[in-house]
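Student: Could you take a close look with me at the inside of this model? I would like to follow how its side chains meet there.

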Amino acid sequence: MTQGHCAYCDTLIDLGLAESIDHFRPKACGRFPQGAFDWANLFLACATCQRQKGDQDEPALLKPDEAGYSFEAWFTVRAKDGALEPRADLSGADRKRAEATIRVLG
C-alpha cells in the first residue's frame with residue numbers, strides 16, 4: 001500500500017532493516033484490543049515515527065489512509081527552517097487536526 005514508504009512521514013524504508021508496523025489506535029494496555037489485528041489499524045512506519053508516536057492516542061490525529069488525505073492539503077514546510085506547519089487556509093477544526101498530527105508525530 002505504501003510502496004515501502006512510512007505511512008506517516010513518507011520516508012523510504014529499507015525493508016530489511018528497521019521496518020515496523022504501527023497500530024494507529026494503540027493496542028498497549030488493552031485500550032483497543034479489537035484493533036490489534038485489524039488491517040485498517042495497521043500501518044508501515046519507520047523507526048523514528050514509531051518511537052515518536054509510541055502509544056499515544058490522539059483522537060484528532062490524521063489517519064494516513066483517510067479519504068482525500070494528501071500531505072499538501074494539510075501541511076506546508078517553512079522555507080527558512082524546514083519546519084512543518086498546518087496550511088494557513090485550513091478551517092479551525094482542520095487546523096487542530098494538523099496541529100495534533102505534528103505534535104504526536106513530531
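Tutor: Let's begin with a word we will need: a residue is called buried when its relative accessible area is under 20%, exposed when this area is over 50%, and partly exposed in between. Keep in mind, too, that this is a predicted model.

With that word in hand, look at Lys 53 and Asp 22, which are both buried. Their side chains form a salt bridge, with 3.3 Å from N to O. Lys 53 belongs to helix 1 (residues 47-53) and Asp 22 to strand 1 (residues 20-23), so this bridge ties together parts that lie 31 residues apart in sequence.

Now follow the chain on from strand 1. The loop between strand 1 and strand 2 holds Phe 24, and its ring partner Phe 43 sits in strand 2. These two are 19 residues apart, so to speak of distant parts of the chain being linked is fair here too. Phe 24 and Phe 43 are both buried. A general point helps with reading such a pair: two aromatic rings are described by how far apart their centres are and by the angle of their planes. For Phe 24 and Phe 43 the centres are 6.0 Å apart and the planes stand at 70°, an edge-to-face arrangement. Tyr 8 joins in as well, since ring pairs link Tyr 8, Phe 24 and Phe 43 into a cluster.

Tyr 8 leads us to the nonpolar core. In soluble globular proteins, nonpolar side chains tend to be buried together. In this model the largest nonpolar core has 13 residues, and Tyr 8 and Cys 6 are those with the most contacts inside it. Strand 2 (42-45) and helix 3 (92-105) are the elements that give two or more residues to this core. Strand 2 supplies the largest share, three residues. If you centre your view on Cys 6 and leave aside its neighbours within four places in sequence, you will find it in contact with Thr 11, Ile 13, Leu 44, Ala 45, Cys 46 and Cys 49. Apart from this core lies another one, of five residues, including Trp 74, Phe 75, Leu 90 and Ala 98.

Phe 75 also takes part in a ring pair, with Phe 71. Their centres are 5.4 Å apart and their planes make an angle of 35°, so this pair is tilted. The two partners make a good exercise in using our first definition: Phe 75 has 5% relative accessibility and counts as buried, whereas Phe 71, at 35%, is partly exposed. In the whole structure, a search finds three aromatic pairs.

To finish, set the buried salt bridge beside some others, as the whole structure has nine salt bridges. In one of them, Lys 63 meets Asp 65 with the closest N and O atoms 3.9 Å apart. Lys 63 is partly exposed at 23%, and Asp 65 is partly exposed at 38%. In another, the closest N and O atoms of Arg 78 and Asp 81 are 2.6 Å apart. Salt bridges with shared partners join Arg 78, Asp 81 and Glu 85 into one network. Arg 78 has 32% relative accessibility, so it counts as partly exposed, and Asp 81, at 45%, is partly exposed too. Lys 53 and Asp 22, where we began, are both buried.

Note on methods: Residues numbered from 1 in each chain as written. Predicted model: local features only at pLDDT ≥ 70, side-chain atom pairs only at ≥ 80, totals over all residues. Heavy atoms only, no water. Core = buried A, V, L, I, M, F, W, Y, C linked by side-chain atoms within 4.5 Å. Buried < 20%, exposed > 50% of the residue type's maximum accessible area, 1.4 Å probe, protein only. Helix = DSSP H or I, 4+ residues; strand = E, 2+ residues; numbered from the N terminus. Contact = heavy atoms within 4.5 Å. Salt bridge = Lys/Arg side-chain N within 4 Å of Asp/Glu carboxyl O. Phe/Tyr/Trp six-rings, centres within 6.5 Å; stacked < 30°, edge-to-face > 60°.
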